[in-house]
Each structure stands twice: as C-alpha cells, then as structure tokens.
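Let's take a friendly walk around a bound ligand and the space that holds it. Have the structure open as you read.

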Amino acid sequence: MQKEQIVTLIEQAKAAREFSYSPYSGYMVGAALLTAEGEIYTGCNIENAAYGPSNCAERTAIFKAVSEGKKEFSAIAIVGGKKGSAGDYAAPCGVCRQVMMEFCDPEKMQIIVAKSAEEYKHFTLAQLMPEGFGAANLE
Ligand code: THU
C-alpha cells in the first residue's frame, strides 16, 4: 500500500473517532475501511446502557459498507484511545477480526493500527487471525 493512502485512511479514522459514542468506557475508536473499488467507509464505536448491544468502530464501518452493496475490502485503519488522548494503538477485537474474515482475503487485507499518521503498525488479517475460520471451511 502506498504511504499516501495509509495516511488518508488514518486521518479519516481519526476524524470518525470524534463521533464515538462511548459514555460507558470513555474509550473512543474510529475506523476507515477501504473497499476494493477505492471508496472509504468510516465508523466509530457506539455503546449502549445495556452494554451488550455496543458496536465497535470496525464493524460499524464494515456494516455501513455492506449495507450499501460493498463486500470486498482491502484495508482498514483504526485509531483508538481514552477520551482526551490523541490516539493509541487499538488492535481489532476478536469479533471484528471474525467479521473481517467474512468479507476479506486474510492474506491481502491490510490492518493499520495507528496512533497517528506518523506512528502506526501494519498487519495482514492472516497475521492477526491465524488459522481463521471462514466461508471457505464450509465449501
Ligand atoms: N472498541 C472498538 O471500537 N474497536 C476496537 O478495536 C477495540 C474496542 C470499542 C468497544 C467499546 O466501545 C470500547 O472500545 C471499549 O472496549
């Protein structure tokens, strides 16, 4: 991936983080998802007083995209951190990794876990989800 594209995704994730609805944890997360066609869908975490219905930023972005007919993704950038912090490393939770398995090629999907446009870590989904279970197992 080109550095310029990575920086754009991180900046969009950071902007989406501002919309985080996280009154219970105080942990704000933003994500920016790149589709195979080159469009970007953003998302934030959305919490709930009953806790269970809370949704992570990554799944918000993925579900927004899928609900608009997009089902192939090439990268996602994530910026998280406690309210008041500029951004910290927030690797996707297990549920989000499994949702990514549904729509992404694990060897190709790029996961950028960022503190800022200058400080980020770069993984493939296969690295974060070794031996992952997916649709191919049911064929
Ligand atoms: N969260 C995300 O949105 N993405 C992650 O990668 C990790 C955790 C959210 C869920 C919850 O609203 C808050 O962060 C604290 O767990």
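The shell around the ligand, counted as residues with a heavy atom within 4 Å of it, divides into 7 nonpolar, 2 polar and 2 charged residues. In this scheme Ala, Val, Leu, Ile, Met, Phe, Trp, Tyr, Cys and Pro are nonpolar, Asp, Glu, Lys and Arg are charged, and the others, Gly among them, are polar. Among the shell members are Ser25, Tyr27, Glu47, Ala91, Pro92 and Cys93. This is a predicted model, where local features need pLDDT of at least 70, side-chain atom pairs need 80 or more, and totals for chains, interfaces and linings use all residues. Numbering runs from 1 along each chain as its sequence is written, and side-chain values use heavy atoms, without hydrogens and water.

Which side chains offer an N or O atom to an oxygen atom of the ligand? Glu58 does so at 2.6 Å, and Asn45 at 2.9 Å. A polar backbone atom of Ala57 also lies 2.9 Å from a ligand oxygen. Taken alone, the ligand exposes 380 Å², and the protein buries 77% of that (Shrake-Rupley method, 1.4 Å probe).

Now for the space itself: the ligand takes up the largest pocket. Here a pocket is an open set of points on a 1 Å grid over the protein atoms alone, where a 1.4 Å probe fits, with protein on both sides within 12 Å along at least five of seven lines; lining residues have an atom within 4 Å of a point. The volume of this pocket is about 190 Å³, as filled by probe spheres set on the points. Its lining has 15 residues, with Tyr27, Val29, Asn45, Cys56 and Glu58 nearest the centre.

How values were computed. A polar contact is a pair of N or O atoms within 3.5 Å; within protein, one must be able to donate a hydrogen and the other to accept it, and residues adjacent in sequence count only if both atoms are side-chain atoms. A molecule sits in a cavity or pocket if more than half of its atoms lie within 2 Å of its grid points.
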